Amino acid sequence: ATGPQFPPTHHLADQPAVAPARDVDTFVQEFLEELNFGQGVPLDRSTINHQYLALASTVRSYLMADWLATAARRRAHPAKMVGYLSAEYLLGRQLGNALLNSDLEGIVEEAMRQLGIDLAAVRAQEVEPGLGNGGLGRLAACFVDSLATMDVSCIGYGIRYEYGIFRQTFVEGRQVEVPDTWLALGAPWEFRNPERAVQVDFGGSVESYAGDQGRPRRRWRPDWNVLAVPYNYMVPGYHNGVANTLRLWSAEATRAFDLQIFNHGDYAEAVRAQTFAENISKVLYPEDSTPQGKELRLQQQYFFVAASIGDYLHGTLPEDFDLARLPEQIIFQLNDTHPVIGIPELMRLLLDVHGMEWDQAWAITSRCFAYTCHTLLPEALEVWPVSLVERLLPRHMEIIFEINDRFLAAVRAQFPGDDDRVRRMSIIAEGGDRGVRMAHLATVAAVRVNGVAELHSQLLRDKVLVDFAQLWPEKFTNVTNGVTPRRFLVSANPPLTSLINDAIGGGWITDLERLRELEPYAEDPVFRERFRSAKRANKDHLNSTLLAAGTAQLPADHMLDVMVKRLHEYKRQMLKLLHIVSTYEGVLSGRVPAEQVTPRTCLFGAKAAPGYATAKETIYLINRVASVINSDPKLDGRLFVAFPPNYNVTLAQRLIPAADLSEQISLAGKEASGTGNMKLALNGALTIGTDDGANVEIRKLVGDDNFFLFGMREPEVAELQSRGYHPGEVYASNPVLKSAIDLIASGHFGDRGASQALMGDLVGNDRFMALADFQAYVDAQAQVDAKFADTEAWTRSAILNVARSGYFSSDRSMRDYLDRIWGAQVH
Ligand code: 8GP
């Protein structure tokens, strides 16, 4: 039997952790000690990086005291815990967040001032841990922040990728990916805990043997393994002395593995084996929304999930714990299907390691997991080839088959003779290449299945998982996503934060619905002017950031129109580009006088998956359009297109507070939720958006007058799809649209071949119906222009967006998970 072994803990007298005193002198002392004895440099010889590492370590020691105290308190008063299983955590920079949440900002500012250290430069030195692709990973980071702030017992489990999401550069307008070496200059926020390493097995075969009283049993004989070494990160709550744990696993070669080969004298082979093992946590798959079914990816998934469940069962629970009570102690939340292999893993541990019978093991397992789905694109639902799972995890494959057999028997009993339904619902997709449908496995085993916005959850129930919703209606629920107001308002937007604090006090930071109290201020002209001046300050700040990064300067007094998110056809960056080009074409052709164009800067931020050709071509086109438009004097400086490279959390924190207009223009029924839409509304941008994802709820809350809705709704999309969609006809019948597309295809923006290919695909296929929504979008943009011309009306709407976005706090999302899914206690 495999199972990790942990060294014994010695029971010594409990000593409360002592934090360094919270005053400037002590902080200066502690910092210098870190600099001198941690970094080994005197102040006058220290580089910014030394200063950053010393400052981070000093702040960390304050957090560490909270972390120890939190752990001790939780041991003394055990409560049900949340194990958040996520392959991605897009954390963003840690220093600013740690200072804010631990309330050390004032002390640190003064301490650094006394030492003559430029705190802004030190902050800028931090390379953010980009251990995620986009919305799904950032959501996980917001959720752990909220759970710590709400003092909910939670451990976040994930992977410590050595290389996170690639750094995006542009070379002649094309995306070029550069490896993200975020660990290169030191990793001051983590601490490695090798004693708690867990062995993770792979491969081999399964054998039968006679168990107790001769009962036939099965056991796994794996043929290779790696060591999962945990790195802990502290997750501080906001001003509450709580620090939860984020435990990220790194893969190393096991000693047994090494030794065996070394003893054969094959040193080169031993090194190769080590590299092979380390490959597992080497790099984040840069895919978003459409997974690539690669073997290494399944290895990553099993690696972190097996380590996490092993760590919890055999390292965290008391040794004599009665596993029948496991569901009272933990709920594992599956962040999409990536950790779903944890279901057969828990079954395996209960059956093969702890000797339980199937029914008991299943009764436990089927109460320990809940599943969140983050997509609606059928191609984004993971299906692993049976042959691959069999080779990599033979015992798990057996268990999956058995889960499926028992499940399908229940379906047949409920729907006799309905073979079609059985085939649709099966965990195993039959046919030439048999596959394991991970979403089905998750749904069968989970206590709850949730979507991430009302519309998304409804479409899950009505379409993607409709058979399951008929069988188990009570399993399905919604939890609308949220974002942490600490990072995305307080940290990112100090001018607006102090304006709000002056008006209504600071209670909103942990009770975001209180932003409602701002509503009357929308009618106050003095407040409106102060609100605009906060926006201006944020734009200046953004400009200085872009300047420092060597990106074009944004013109003053423009509307800042922002579209930031991963590059994907369904999100329709192309639709926005068509609007830009049609405005430009209108001026070129004399259809629209330049002075009638609202001064606008259209800003894109987007990474394309390295293997996603259309997305990369779209980036290339946006950059070419930008360079032509920005230098064409005919536009009289009224239209500007900016595309700063490498959109990430750090840049988001700069960009979002400066935005006037938020572009949320996905094809209805495709964006599960969106969270950038929430961040932008919360920072006072007005949304132009389709009836999709959380846009629906944003519009309901902020009101139709403060939101620019356009485009087909989901049922209309479905109807058009089934009727047959012909983009060529839309193109031919709309002269403005046609001129824009023709201008691109003519090579006006360079690279005629690439332009024609992209436009040909658009007019011929247009998988996400950008052309169908084009006219509605242009009309809505005209309403945007009209409103923007009325400064007071615009500001009033912007303030109301802030005041009415309190619902989109991730604190509220967490309360909903607690109420609807986890049943965990808040104490
Ligand atoms: C994203 C959704 O696209 C986005 O609408 C949502 O706000 C976010 O998740 C958080 O819920 N989904 C993904 O990133 C995703 O599906 N990733 C791939 C695994 C499928």
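Visitor: Hi! Which residues point one way from S13, and which the other way?
Guide: Hello! In this predicted model, Ile 330, Phe 332 and Leu 334 point one way from S13. Ile 331, Gln 333 and Asn 335 point the other way.

Visitor: Why would they split up like that?
Guide: Because side chains in a regular strand alternate between the two faces of the sheet.

Visitor: And are those S13 residues buried or exposed?
Guide: Buried, on both sides. Strand S13 covers residues 330–335, and 6 of its 6 residues are buried.

Visitor: Which strands does S13 pair with?
Guide: There is strand S1, residues 81–85, which runs parallel to S13 and is joined to it by 5 bridges. There is also strand S14, residues 369–372, which pairs with S13 in the parallel sense over 4 bridges.

Visitor: What stands opposite Phe 332?
Guide: That would be Gly 83.

Visitor: And what about Gln 333, what stands opposite it in S14?
Guide: Ala 370 does.

Visitor: OK, new topic: the ligand. Which residues come nearest?
Guide: Gly 135, Leu 136, His 374, Thr 375 and Ser 673 come nearest, out of 19 residues around the ligand.

Visitor: How many of that shell are nonpolar, polar or charged?
Guide: The shell around the ligand has 10 polar residues, 6 nonpolar ones and 3 charged ones.

Visitor: Which domains does the shell draw at least three residues from?
Guide: Domain 2 and domain 3 each give at least three residues to the shell around the ligand.

Visitor: Where do the domains sit along the chain?
Guide: The domain assignment gives domain 1 as 17–77 + 98–127. Domain 2 is 78–93 + 128–133 + 148–174 + 184–232 + 245–480 + 815–822. Domain 3 is 512–623 + 634–711 + 769–808.

Visitor: How far apart are domain 1 and domain 2?
Guide: Their C-alpha centres lie 36 Å apart. The contact between them takes 10 residues from domain 1 and 9 residues from domain 2.

Visitor: What classes of residue are on the domain 1 side?
Guide: Where domain 1 touches domain 2, domain 1 has 4 charged, 3 polar and 3 nonpolar residues.

Visitor: Last one: where is Arg 325?
Guide: Arg 325 is in the loop between helix H9 (295–316) and helix H10 (326–329).

Visitor: Buried or exposed?
Guide: Exposed, because Arg 325 has 10 other C-beta atoms within 10 Å, and a residue with 12 or fewer counts as exposed.

Visitor: How far is Arg 325 from Ile 364?
Guide: Their C-alpha atoms are separated by 7.9 Å, although the two residues are 39 residues apart along the chain.

Note on methods:
Residues numbered from 1 in each chain as written. Predicted model: local features only at pLDDT ≥ 70, side-chain atom pairs only at ≥ 80, totals over all residues. Buried ≥ 20, exposed ≤ 12 C-beta atoms within 10 Å, placed from the backbone. Helix = DSSP H or I, 4+ residues; strand = E, 2+ residues; numbered from the N terminus. Pairing = 2+ DSSP bridges. Near = placed C-beta within 6 Å. Nonpolar A, V, L, I, M, F, W, Y, C, P; charged D, E, K, R; others polar. Domains from an automatic or database assignment. Contact = placed C-beta atoms within 7 Å.
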